[in-house]
Amino acid sequence: MENIGINVPLLIAFLINFGILFVLLVVFGYKPILKMLDQRQAKIRESMEQADLIREQTAKSEEQMKAHLDAARKDGQSIIAQAAQIGEKLKEEAREGARKEASMVIERARVEIDRDRDKAIEGLRGEFADIAIMAAEKVINESLDKKKHQKLIDEVLEESKTFKK
Amino acid sequence: MSKKPGCSTPILIAGLVFFAMFIFAFLFGPLGSKLFGLNVPEWMAVSKPEIQLKSEAVAHISWFTITNTLIASWLTIIVLGTFFYFATRKMKLIPGRLQNFAEVIIEILLNFASSVGEKHARMLLPLLATIFLYVVTNAYLALFPFFDGTIYIVEPNGFHAPIIRAANTDINLPLSLAIVSFLYAEIQGLRTHGLFRYLNSFFQAGKLREGFAYLFKGKIKPALGSLTFGFINLFIGVLEVIGHLVRLVSFTFRLFGNMTAGVILLSAVTFLVPFIAAIPFYGLEMLVGLVQAMIFGGLTMVFSAMAMTSHDIAH
């Protein structure tokens, strides 16, 4: 044993050295480093979880946006369709109104024309009766009773009126 | 740099110079001069290595002798302590280079501990890492030129004692580590299992007790069988205890032998072929130092983990 140098005080010194080194490394090495590793791990996990959360939220909001867009598009389309419908209706109404107006105007005109014509005929008839009476007077020279004549003429005219019609 | 390796001019010149130095050293060094009968030039004579297993005394403080290996181990402690002190002085979440380096070392060791000790990794780490760092730093520092022979003190009897010598080459250091490792493993075993169960894991006294129970009941035949097994177990237990104690010796001499052999190899090569030739052996010694440190730390951990897990499964 003496030959290879086993020496109890030296052995104890080395044991003490190892103890000192152990304490030094625990205090300055393992404790702070393990703490830091744990801290970093926690931090990374937290960050990743956060990232996941954000990704999830983004996906959700994107979906929501999509849904909103879809809804808006649908709304827009329905509004356009409605507008077109309303426009069509309005056009139809306008056309209808115009048609009615036109027919009313035509009707009125026709009534007017009828009235004018009747008036004219009336006038003519009176004039014609007078002329006829005058002519007849001239022809027969008061041979006939005026009243009788008038009656005769009226009858004739009535007949002719029915003819005409 | 040209694309073909070895064709770059600076490298070629350096290679040629190295080769010439190697040839020169080989021819005129002790090896070549013996072979070819040349004389060793005065300026390149390396003193013949004197192999001494005992560490040399450097100073005496009353009854205590400070040896050169003790000084080397202090140096190791100072180097490691300073490194970790500065590396972890201002810990940051985003590490700087020094902090990162320290973290990498510890993390590799922690992973190693996890692969062996699993859930005990955090508990095993301090001892594993301290042994590893201590041994590897001792080994690597010993490769520096100021170790083993550049700085001497002359003892009264005319003996030249290097003032600093590779700490691992002093048997007291491997022995101290082996004692720590052994005690740690056994204490962990005792702590996890309790004294009785831990001792029982060696001797497996169950069969013996069973045998005696049969004997008292008067059943001779099963009693004989159980007693035989019981005594075999007892014998195995004795072997087991010896096996545990032998770990001390194997731990000690593995490290001591490897490291001492390394130092002797280096000094022998340096003596025989003074230049260049020793460089590959320095590389080898770096590998050996790392491997020995890993083995010492790893085996400590394995034995501790084994002591802590159930022995009934282990045997």
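**Close-up 1. Thr260(B), a buried spot in a helix.** A residue counts as buried when its relative accessible area is under 20%. In this predicted model, Thr260(B) comes out at 9% relative accessibility, so Thr260(B) counts as buried. You'll find Thr260(B) in helix H8 of chain B, which covers residues 220-272. Once its neighbours within four places in sequence are set aside, Thr260(B) is in contact with Leu53(B) and Thr169(B).

**Close-up 2. The hairpin of S1(B) and S2(B).** Here strand S1 (residues 57-61) and strand S2 (residues 64-67) of chain B run antiparallel, and four bridges join them. Look across from His60(B) and you land on Thr65(B) in S2(B). Two residues sit between the strands of this hairpin, and Ser62(B) takes a positive phi near 40°.

**Close-up 3. Ala59(B) and what surrounds it.** Zooming in on strand S1 of chain B brings up Ala59(B). Is Ala59(B) buried or partly exposed? Its relative accessibility is 30%, so Ala59(B) counts as partly exposed. With neighbours within four places in sequence left out, the contacts of Ala59(B) are Phe64(B), Thr65(B) and Ile66(B). Ile163(B) is worth picking out too: its C-alpha atom is 9.6 Å from that of Ala59(B), with the two positions 104 residues apart along the chain.

**Close-up 4. Helix H1(A) alongside helix H3(B).** Now for a pair of helices from two chains: H1 of chain A (residues 8-140) and H3 of chain B (residues 68-87) pack with their axes 9 Å apart, at an angle of about 10°. That angle is why H1(A) is roughly parallel to H3(B). On the H1(A) side, the residues in the contact include Leu10(A), Phe14(A), Leu21(A), Phe28(A) and Ile33(A), while Leu70(B), Trp74(B), Ile77(B) and Phe84(B) are among those from H3(B). Sorted by class, the contact of H1(A) with H3(B) has 15 nonpolar and five polar residues, and no charged ones.

**Close-up 5. The contact of chain B with chain A.** Stepping back a little, how many residues does each chain bring to the contact? Chain B brings 46 residues and chain A brings 32 residues. Together the two chains bury about 3500 Å², and 78% of that is on carbon and sulfur atoms. Three residues to label are Leu93(B), Thr130(B) and Asn172(B), which supply 18% of the area that chain B buries against chain A, more than any other three residues.

**Close-up 6. Chain B as the backdrop.** To place the views above, chain B holds 10 helices and four strands. Along the sequence, the pattern of chain B reads α-α-β-β-α-α-α-β-β-α-α-α-α-α. Of the 315 residues in chain B, 41% are buried. Among contacts in chain B with a separation of 6 or more, 64% come from residues 24 or more positions apart.

Key
Residues are numbered from 1 along each chain as its sequence is written. Chains are lettered from A and ligands numbered from 1 in the order in which they are written. This is a predicted model: local features need pLDDT of at least 70, side-chain atom pairs count only at pLDDT 80 or more; totals for chains, interfaces and linings use all residues. Side-chain values use heavy atoms; hydrogens and water are left out. Two strands pair if DSSP finds at least two bridges between them. Axes are lines fitted to C-alpha atoms, for helices over the stretch in contact, and angles run from 0 to 180 degrees between N-to-C directions. Angles under 35 degrees count as roughly parallel, over 145 as roughly antiparallel, 65 to 115 as roughly perpendicular and the rest as oblique. Contact means heavy atoms within 4.5 Å. Ala, Val, Leu, Ile, Met, Phe, Trp, Tyr, Cys and Pro count as nonpolar, Asp, Glu, Lys and Arg as charged, and the others, Gly among them, as polar. Buried means under 20% relative accessible area, exposed over 50%, partly exposed in between (1.4 Å probe, protein chains only). Buried area is the accessible area (1.4 Å probe) that two parts lose on being put together, summed over both.
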